[in-house]
Every structure is written in C-alpha cells, then in structure tokens.
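Please read the following points with the structure open beside the text. They concern one enclosed space and one sheet.

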Amino acid sequence: MNFTANRNVLRWVIIAFAMIITALILWNTYEFFQQLKESEQKNMKEYEIAIDDLVNQSLEAEMGNLGSTVTENTTTIPMIEVNYKGDMKARNLPEHIMNDTIKLRSLIAEYASENEPIRINYDGAPFQTIYYGESPIITKMKYFPMALLLILVLFGAVIWFFYRSTKASEQNKLWAGMAKESAHQIGTPLSSLVGWTTLLKDTDVDPSYIAEMEKDIVRLQTITERFSKIGSIPTLSEMDIVDQTDKAVHYISSRSSKLVVFDVDLPSQPIMVKLNEQLYAWVIENLIKNGIDAMKGKGAIKVYLRADAHNVFITVTDTGKGIPKNQWNQVFTPGFTTKKRGWGLGLSLAHRIIRDYHKGTIRVSESKKDKGTTFEIMINRLK
C-alpha cells in the first residue's frame, strides 16, 4: 500500500514538474516575443528618422552615409512605400508579391491595421507614407506559444490516458486476485463436503438427498474452477456455441421462478468457435441473472443466436427497467452497480472473459426505459 501511495505521489510530482517547466517556457517565449517586437519598433523608428533626414536634407549640407546605412540594413521588416503620386514600392517582400498591385494594396490595409504608418513630409507637405508589417521571425514566434500549448494539451491527454490505463490495470489485478483467493477459500470446505457425501453413502440416508448434495458440489466445483481461471489464460477448445448456449440457458431457466418466461431462439445447425465452456457459460448466466434482477423477478428473457460468414452474435434481452445511455459503457467498469446490493463485478468479468480471453466484444446494443435492455456478444467463428 505504501509502495502504491509513493508511486502515485511520484507520478503527480512528475506531472506538476512537467507543467511548471512548460509554463516557464511559455512565459519566456512571450517575454522574448515582446522584446523582439519592441526591438523592431525601435528599428522602424530609426528608419523613419533616417528617411526623414534623407528627404529633407539641404542640398548644401554635407552628405553622410548614416541615413543610407540605416535604410539599407533594414532588410527583415516587410514594407510598402507609397509616394505623393500614389506610386508603390515594396521592400523585403517575395518577388511575386512586389509586382502584384492588388496584393500590395491588400497588404497596405493589413499593415495599417497592425502598425501606425510612417508619414514623411517635405517642406511641410505629405511626401511619402510607409506601411510596414512584422518580420517573418515575429510571425513565426507569434504561433509558437499556440504550438507549445497544443503540445501541453497532448502531453496532458497522454498522461491522463496512461493514468486511466494504469488504474484499470490495478483494478483488474485486484479483481483477479480476489477471484483466485475466493477459489482457494472455497476449495477447502468443498473437499470436506465431497468426503462427507462419500461417508453418507454408507449410512441409511435417503439416496435422493445425497444426489442433490452431489449436484450442489458439482456446481460449487464449477464456480471454483471459474474463479481460479480469472487472471490467467484459459484453454480454448473447438466447440459448438449453439449447444453451449443452450446448456447455459437451460441451467438458469430450470432454476428460475415461473414468473420469468424464457424465449430461446437458436439455430438447428452447429456453429463451431474457439470457446472455454465454463467461462462462456458464466457470461450467459451473468447476463440472464442481471436481466432477472432488472425485471425484479418477473418478465421475459429472450436469448437469440445468429451467425454470418465470420462472426457469431448472441443477444440476451430482458424486459426490465433499462439502462440510461450515458451508462452503457460504465456497466462494464469494475465496481459499477445500480443495485443496492452487489459488488459490480458480474458484467466487468463478463467483459473481460469475452474481450480478453475470447477476443470478442460485448456491449449494450439497445436499452429503453421501463422496456428492457439487450446485451450483444460477438465471437469469431471458425471457418
């Protein structure tokens, strides 16, 4: 228990650490993005000053190369210069865009919404307007936090699924251990009962009593063997699933109340599948018992078997209270039950037997409130 608790604590520490690291990366990325953007804004301010100086510089003034150097070195920020005549000149844009007037006008509107255009005057009159956008690196950095958040979400989903699968695995081990321990505990008094019946045969006890006791002992032996197989790989043999279904249904119907009407619809021809006789019978019995419980001991149970070229389908239908659709998958979860009494193990074990041992499926195929529920089993048939 301490080992499990420590492992859970370690798991959550790792998850928390991973989330903190991701949050720090996101924060630093945001800070870097802001600094980069501020740096570009500063560069454009310098570019504005340089252009203004070049345009308004007196012809008699000594020409320097600072302004031209600044303008020539601004090579990463896309911009479109529009002079007072309306002529456009693009810089730092792909070649196919620079000659496309329609695209340039579209970019002018886009850039104007992103940044305040730079307006250059000459002798107090408008001379040139410069529209500029964000450099490619800024554009890429803008989507980086979103990509990182997506990675974080995916990482969280993987952790969640891992946690769920680990928890389910632990539950399965617990139920398998309980089943094996139950089989072990039943075994000792069962051996004693076998011995007592042997002794009673030599007395004057009515033989019919002993025969009934032997039937119950055989039943207990079957139950013990079923429980002992949970958690281990059972042996599957080629069997007629029609005959095995008929036997399982007959066993329950012969021991059920006369208030429960059984309708059994099985093919007349054998259908061969890989089957474990005892575990399959356990599944059918569980489904029928659940149906009888849902009907509160009064109603109809229908068992129907059909097959196609590849699979065999067995449905068990009751006329009980039904199962809400949001619980159709939950009914197979270990420990889930809507009964006041019960461990919630019957359907989970049936699910395990069909899915893990027989490589088939079991599901709630239909259920209506106060009208009943249909469970469907699918198992591959032999060709």
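1. Lys 37, Glu 40, Gln 41, Met 44, Asn 115, Tyr 132, Gly 133 and Glu 134 line the largest cavity. Here a cavity is a set of points on a 1 Å grid, over the protein atoms alone, where a 1.4 Å probe fits but cannot get out; lining residues have an atom within 4 Å of a point. The model is predicted: local features need pLDDT of at least 70, side-chain atom pairs count only at pLDDT 80 or more, and totals for chains, interfaces and linings use all residues. Residues are numbered from 1 along each chain as its sequence is written, and side-chain values use heavy atoms, without hydrogens and water.

2. Helix α1 (residues 2–56) supplies the largest share of this lining, 4 residues. Helices (H or I, at least four residues) and strands (E, at least two) are DSSP runs, numbered from the N terminus.

3. An open sheet of 5 strands follows the order β6-β8-β9-β11-β10, with mixed pairing; two strands pair if DSSP finds at least two bridges between them. The edge strands, β6 (260–265) and β10 (361–368), each pair on one side only.

4. Strands β8 (residues 299–307) and β9 (residues 311–317) run antiparallel and are joined by 6 bridges. Arg 306 stands opposite Phe 313 in β9.

5. Helix α8 (residues 277–294) lies across β6, β8, β9, β10 and β11, at about 170 degrees to β11. Contact means heavy atoms within 4.5 Å; axes are lines fitted to C-alpha atoms, for helices over the stretch in contact, and angles run from 0 to 180 degrees between N-to-C directions.

How values were computed:
1 Å grid on protein atoms, 1.4 Å probe; cavity = no way out; pocket = protein on both sides within 12 Å on 5 of 7 lines; lining within 4 Å.
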